[in-house]
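Colleague: Thanks for sitting down with me over this one. Could you show me the model, and then we can go through it together?

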Amino acid sequence: MYVRHLLAPAAGTLLGGAPAAAYVSAEPVAASVYTMSAGRLGASVAAVLALAGVVIGGLALARPASRIGTGSGRRGATMALVAGLIGIALGGLVVATSDSGIGTGNGRGGAYVALAVGLIAVVLGGLALVRSRRTV
């Protein structure tokens with residue numbers, strides 16, 4: 001047991017406060033189910049960006065240069081690569097900065113999902129980019 005856990009209630013009592021009010025736990029507390037914490041928000045943004053990259057990469061791979069739009073040709077492949085890399089970067093940032101495990105509300109589970117989906121987006125974007133360079 002840490003020394004500060006033993007001394008905090010005693011110091012609170014000596015200063016006239018309630019011992020329970022002076023005792024502060026150093027262990028992380030799980031977020032509420034309805035609370036949108038910074039980690040959850042970052043993981044959600046990363047997962048949505050990565051998912052958009054998968055969709056754009058799939059469209060660019062399915063129809064390399066047939067239509068004008070976000071999912072066609074070299075532009076769609078590049079957008080999928082960029083969205084996947086941003087999703088991976090944000091997911092990695094959330095994983096690196098979260099202090100607890102999955103299920104505590106810090107966004108670590110969503111960040112792992114964003115890492116996996118971002119990797120898929122990068123692979124699809126890379127395949128579409130290689131295919132668009134071969135056809136041009």
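Colleague: Among the elements of the protein, which helix has the highest mean pLDDT?

Modeller: Keep in mind that this is a predicted model, and that the protein averages a pLDDT of 75, with 66% of the residues scoring at least 70. Among the elements, the lowest mean pLDDT is 47, for helix α2 (residues 19-22). At the other end, with a mean of 88, the highest value belongs to helix α4 (residues 73-97).

Colleague: How far apart are the end C-alpha atoms of α4?

Modeller: Happy to work that through. α4 has 25 residues, so at 1.5 Å a residue the helix should span 36 Å. The distance in the model agrees with that expectation: 37 Å.

Colleague: And what separation do the end C-alpha atoms of helix α3 (residues 38-62) have?

Modeller: α3 has 25 residues, so the expected span is 36 Å at 1.5 Å a residue. Its buried residues include Gly 39, Ala 43 and Val 54. The end C-alpha atoms agree with the expected span, at 36 Å.

Colleague: Is Tyr 112 buried, partly exposed or exposed?

Modeller: Tyr 112 is found in helix α5 (residues 108-135). Buried would need under 20% relative accessible area and exposed over 50%. Tyr 112 has 37%, so this residue is partly exposed.

Colleague: Which residues does Tyr 112 touch, not counting those up to four places away in sequence?

Modeller: The C-alpha atoms of Tyr 112 and Val 94 are separated by 9.0 Å, with the two residues 18 apart along the chain. Val 94 and Val 95 are among the buried residues of α4. The residues that Tyr 112 touches are Val 95 and Ile 102.

Key. Residues are numbered from 1 along each chain as its sequence is written. This is a predicted model: local features need pLDDT of at least 70, side-chain atom pairs count only at pLDDT 80 or more; totals for chains, interfaces and linings use all residues. Side-chain values use heavy atoms; hydrogens and water are left out. pLDDT is the predictor's confidence in each residue, from 0 to 100. Helices (H or I, at least four residues) and strands (E, at least two) are DSSP runs, numbered from the N terminus. The expected span of a helix is 1.5 Å times one less than its number of residues. Buried means under 20% relative accessible area, exposed over 50%, partly exposed in between (1.4 Å probe, protein chains only). Contact means heavy atoms within 4.5 Å.
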